[in-house]
Amino acid sequence: MIKGVIFDIDGVVLDSMSIWNDLGARYLKSIGVEPEEGLNRILFSMSMEQGAEYLKEHYSLKESADEILEGISKMLQNFYFYEVKAKPGIETCMKFFRDEGMKITAATSSPRTHIEKALERNGLLKFFDAIYTTGEIGISKHFPDIYNRAAEFMGLGASEVLVFEDSLYALKTAKNAGYMTVGVYDRDGETDREGVKLTGDIYLTELDKIVDYRDELLK
């Protein structure tokens with residue numbers, strides 16, 4: 001029986017994955033430079049610091065790498081603070097678990113300030129009992145530490161917790177650590193959608209459809 005829930009934020013709670021796909025292009029356009037086709041694929045595996053270095057060198061920008069990084073970071077902050085919207089159906093999904101008396105936590109790779117501001121603006125912060133970030137914990141979702149920390153806060157074992165993720169690698173991490181998992185479809189997210197569908201114990205293309213699994217989750 002599921003007694004607690006851990007939500008990833010980007011691509012699950014917030015419709016935010018698009019910014020990560022075109023952040024570099026957005027920055028270049030903001031300074032009057034036309035980005036190359038496929039820039040998002042080039043930057044995808046890079047850290048923000050590496051991406052700033054790439055943009056400076058590849059486009060011969062006059063700005064320093066630190067200035068580029070600052071510009072990108074400001075655009076990202078503005079997106080979360082003022083622009084990003086909630087994923088369709090997420091409020092119904094979260095209210096379902098809250099009405100069942102479950103604790104709800106978040107496990108995110110994004111900065112706390114960005115996430116809390118976006119959740120508050122979209123009326124969703126009230127649902128969370130705690131938020132954990134990989135930056136604060138100091139280790140990525142390739143390891144289960146962030147899920148374990150959230151489960152410990154809720155006073156639950158892994159088998160009693162449901163984890164929502166849209167990224168295949170994170171979904172696998174949670175599943176391998178003994179959590180029940182929900183793979184979530186996101187149009188701007190994971191490219192291996194079939195992998196997400198096959199890996200999760202439940203697969204959702206519409207978040208409010210979680211209510212259809214009530215008997216399975218609460219048995």
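The legends below describe close-up views of a predicted model of a protein.

**Figure 1. The whole chain, with its 11 helices and 6 strands.**
The radius of gyration of the protein is 18 Å, and the globule rule gives 17 Å for 219 residues, so the protein is as compact as a globular protein of that length. Along the principal axes, the C-alpha atoms fill a box of roughly 60 × 30 × 30 Å. Of the 219 residues, 47% count as buried. The surface that the protein exposes comes to about 10800 Å², and carbon and sulfur atoms supply 48% of that area. Among contacts between residues at least 6 apart in sequence, 64% join residues at least 24 apart. The protein has 26 positive and 38 negative charges, and the mean positions of the two groups are 4 Å apart.

**Figure 2. Strand S2 (residues 103-108) and the strands paired with it.**
Of the 6 residues of strand S2, 5 are buried, so S2 is largely enclosed by the rest of the structure. Strand S1 (residues 4-7) pairs with S2 in the parallel sense, over 4 bridges. One place to look is Gly4, whose bridge partner in S2 is Lys103. Strand S3 (residues 130-133) also runs parallel to S2 and is joined to S2 by 4 bridges. Here Ala106 has Ile131 of S3 as its bridge partner.

**Figure 3. Strand S5 (180-184) and its pairing with strand S4 (161-165).**
S5 is mostly covered, as 5 of its 5 residues are buried. In a regular strand, side chains alternate between the two faces of the sheet. In S5, Met180, Val182 and Val184 point one way, while Thr181 and Gly183 point the other way. The residues on both sides of S5 are buried. S4 and S5 pair in the parallel sense over 4 bridges. In one of the pairs to look for, Val163 has Thr181 of S5 as its bridge partner.

**Figure 4. Glu165, a buried residue in strand S4.**
Glu165 is found in S4. The relative accessible area of Glu165 is 1%, and buried means under 20%, so this residue counts as buried. Leaving out residues up to four places away in sequence, Glu165 touches Asp8, Val12, Lys141, Tyr147, Ala170, Leu171, Val182, Gly183 and Val184. Among these contacts, Val182, Gly183 and Val184 are residues of S5. Ala170 and Leu171, which Glu165 also touches, are buried residues of helix H9.

**Figure 5. Helix H9 (residues 168-176) and its cover.**
The buried residues in H9 are Leu168, Ala170, Leu171, Thr173 and Ala174. What covers these residues includes two helices, H8 (145-154) and H10 (193-199). Strands S4 (161-165) and S5 (180-184) are also part of the cover. Just after H9 comes Gly178, which takes a positive phi of about 100 degrees.

**Figure 6. Arg193 in helix H10.**
Arg193 is partly exposed, with a relative accessible area of 35%. Not counting residues up to four places away in sequence, Arg193 touches Tyr185, Asp186, Arg187, Asp188 and Tyr203. Leu218 is 25 residues from Arg193 in sequence, and the C-alpha atoms of Arg193 and Leu218 are 27 Å apart in space.

**Figure 7. Gln50 in helix H3 and Ser60 in the loop that follows.**
Gln50 lies in H3 (48-58) and is partly exposed, with a relative accessible area of 46%. From C-alpha to C-alpha, Gln50 is 9.2 Å from Leu69, a residue 19 places apart from Gln50 in sequence. Ser60 lies in the loop between H3 (48-58) and helix H4 (65-83). Although Ser60 is not a glycine, it has a positive phi of about 50 degrees. The relative accessibility of Ser60 is 65%, and exposed means over 50%, so Ser60 counts as exposed.

**Figure 8. Pro88 in the loop between helices H4 and H5.**
Pro88 lies in the loop between H4 and H5 (90-99). At 63% relative accessibility, Pro88 counts as exposed. Along the chain, Pro88 and Ala150 are 62 residues apart, and their C-alpha atoms are separated by 25 Å.

Definitions and conventions
Residues are numbered from 1 along each chain as its sequence is written. This is a predicted model: local features need pLDDT of at least 70, side-chain atom pairs count only at pLDDT 80 or more; totals for chains, interfaces and linings use all residues. Side-chain values use heavy atoms; hydrogens and water are left out. The radius of gyration is taken over C-alpha atoms; the globule rule is 2.2 Å times the number of residues to the power 0.38. Buried means under 20% relative accessible area, exposed over 50%, partly exposed in between (1.4 Å probe, protein chains only). Contact means heavy atoms within 4.5 Å. Accessible areas come from the Shrake-Rupley method with a 1.4 Å probe; for residues, only the protein chains shown count as cover. Lys and Arg count as positive and Asp and Glu as negative; His and the chain ends are not counted. The place of a charge is taken as NZ of Lys, CZ of Arg, CG of Asp or CD of Glu. Two strands pair if DSSP finds at least two bridges between them.
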